[in-house]
Amino acid sequence: MFSRSVFRGLAADLRSFTPISTSTAAPLRQRAACFHQTSLLRTQQQESSSQSSPTNPDPPLSASPRAQTSQPEVQHSPTVPSYDPSSPSSTPKTRADVPLAKQPVAPAFESPLEVSKSLLSRLPHLVGQSPHYIVAELHARPYLLTEGDHVRLPFLMPKVKSGDILRFNRATALGSRDLTMKGSPHLDERLFECRVRVIGVEAEPLRIKEKTKRRQRHVRQVRSKHRHTILRVMEVRVKTPEQLLEEGAVVVEDSEDTSRIEARS
Amino acid sequence: MPVKGIKTVSAARNGVGAFILQCKRLDFHYCNYGGSSRGMLAFLTQTLPNFARENPQIEIRVSPRHSKHPVIRGHYINGREKAICVRNLEPKDILTKAMILKDASGEKLKAQKKPVTSLNESVRGIWSPYHGDLRGV
């Protein structure tokens with residue numbers, strides 16, 4: 001339906017122009033703001049904390065207020081997109097500190113979202129009936145999630161820090177008590193929003209497996225201790241038909257390969 | 001009249017609204033004399049200021065402990081604590097140990113088979129044989 005790889009290639013071309021001006025970067029940045037609000041969100045929190053620190057005369061070793069609120073109201077794009085690799089700071093504080101090549105690429109859709117008439121007619125019922133569940137996929141594994149769930153991934157997710165917000169964009173089903181929206185095989189990511197927060201990393205207890213060889217009295221012990229990323233589901237939301245049409249969805253006739261909403265029998 | 005407890009309306013679910021890091025304090029213990037603290041002393045002077053600056057929500061205490069191996073001890077919101085001995089480690093490795101303590105939840109390590117744990121009721125309810133249509137096999 002859409003391919004990010006095409007856009008990634010395009011974005012790489014864009015970046016290859018070394019003196020990239022703010023005017024060319026601005027629309028890309030704004031689209032990034034609307035699709036990937038969350039990654040921006042974290043940077044803003046850090047930005048605000050870094051802004052507050054000079055006014056605060058505390059020494060760096062003292063503790064400061066701990067809570068991070070999740071929904072900031074104002075979203076302003078950072079003004080300086082340049083990145084100075086010679087600066088000694090180890091972790092970037094804002095989006096401006098992240099090199100252009102490493103910034104998240106906003107998804108580029110080749111075609112507008114196609115919604116069948118029957119789905120559009122049943123969507124208000126699904127939206128109105130909460131709570132919702134979602135069968136989201138991550139590395140081809142399904143996770144049935146509702147809001148507030150605690151997820152322990154079977155792997156350690158690289159390049160995330162605790163406090164980061166991720167958006168799951170691949171789901172096979174999303175439903176409420178009586179209605180289920182099913183994809184074929186996946187739902188379009190523009191139909192819903194599912195956000196999770198990285199809470200931390202947990203380890204499992206040390207596993208010791210005894211390995212033996214024949215006719216030898218030696219027993220080898222193999223130790224392993226896997227680490228898991230812990231997530232918390234922040235929101236599972238279906239978009240309303242009005243929102244979809246506002247974002248440029250196209251209404252088409254029903255067919256086999258469009259998503260559909262099924263009632264429970 | 002018997003005293004009735006107040007029923008809890010909601011359980012605390014960190015990260016749904018606000019996110020609070022579970023590690024609240026890190027204690028760094030070192031020895032000025034012992035050779036196993038050499039890496040720790042380098043860590044305290046070189047790496048720790050940056051680490052503390054990046055994690056302003058964690059209180060950091062540094063204290064000497066004579067003729068003992070160096071230890072990092074994490075204190076968590078749930079009241080538990082975790083300690084990691086960092087004897088003879090390089091500053092780089094000590095930083096990874098500090099990151100482990102920072103990201104930990106403070107709970108005891110548990111094996112877990114199911115990835116998702118939910119406090120919510122089942123969205124679709126429990127299946128009943130008396131409701132819904134009859135379906136042919």
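How many helices and strands does chain A have? This predicted model gives chain A 5 helices and 13 strands. The legends below start with that chain and then move on to chain B.

**View 1. Chain A on its own.** Take a moment with the whole chain before zooming in. Of the 265 residues in chain A, 22% are buried. Look at its contacts with a separation of 6 or more, and you'll find that 77% of them link residues 24 or more positions apart.

**View 2. Where chain B touches chain A.** Here the two chains meet: 37 residues of chain B are in contact with 42 residues of chain A. On the chain B side, the elements giving two or more residues are helix H2 (48-54), strand E2 (59-64) and strand E5 (116-117). H2(B) supplies the largest share of that side, with 5 residues. Sort the chain B residues of this contact by class and you get 17 nonpolar, 13 polar and 7 charged.

**View 3. A sheet shared by both chains.** Five strands line up here, and one of them comes from chain B. The order is E5(A)-E8(A)-E11(A)-E4(A)-E5(B), in an open sheet with antiparallel pairing. Strand E5 (165-168) of chain A and E5 of chain B are the edge strands, each with a single partner, so one side of each has no neighbour in the sheet.

**View 4. Zooming in on strand E4 of chain A.** This strand, residues 150-152, runs antiparallel to E5(B), and 2 bridges join the pair. To spot the place, find A:Val151, which stands opposite B:Val116 in E5(B). E4(A) is also joined by 3 bridges to strand E11 (residues 227-238) of chain A, again in the antiparallel sense. A handy marker for that pairing is A:His150, whose bridge partner in E11(A) is A:Arg232.

**View 5. The four-stranded sheet of chain B.** Chain B has an open sheet in which 4 strands follow the order E2-E1-E3-E4, with mixed pairing. E2 and strand E4 (81-85) stand at the edges with a single partner strand each, so one side of each is left without a neighbour in the sheet. From one strand to the next, the twist averages 15 degrees. E2(B) may look familiar: this strand is also among the elements that give residues to the side of chain B touching chain A.

**View 6. Strands E3 and E4 of chain B, side by side.** Strand E3 (residues 71-76) pairs with E4(B) over 5 bridges, in the antiparallel sense. Look for B:Val71 in this view; it stands opposite B:Cys85 in E4(B).

**View 7. Two helices of chain B crossing.** Helix H1 (residues 38-46) packs against helix H3 (residues 91-103) at an angle of about 70 degrees, and their axes are 8 Å apart. That angle is why H1(B) counts as roughly perpendicular to H3(B). H1(B) brings B:Gly39, B:Met40, B:Ala42, B:Phe43 and B:Gln46 to the meeting, while H3(B) brings B:Pro91, B:Ile94 and B:Leu95. By class, this contact has 6 nonpolar residues, 2 polar ones and no charged ones.

**View 8. The annotated stretch of chain B.** An unreviewed UniProt entry places the feature "domain: Ribosomal protein/NADH dehydrogenase" at residues 32-105 of chain B. Over those residues the chain is 39% helix and 23% strand. Follow the stretch from one end to the other, and the end C-alpha atoms turn out to be 31 Å apart.

Notes: Residues numbered from 1 in each chain as written. Chains lettered and ligands numbered in written order. Predicted model: local features only at pLDDT ≥ 70, side-chain atom pairs only at ≥ 80, totals over all residues. Contact = placed C-beta atoms within 7 Å. Nonpolar A, V, L, I, M, F, W, Y, C, P; charged D, E, K, R; others polar. Pairing = 2+ DSSP bridges. Buried ≥ 20, exposed ≤ 12 C-beta atoms within 10 Å, placed from the backbone. Axes fitted to C-alpha atoms, helices over the stretch in contact; angles between N-to-C directions. Parallel < 35°, antiparallel > 145°, perpendicular 65-115°, else oblique. UniProt positions renumbered as here; feature names shortened; annotations may be inferred.
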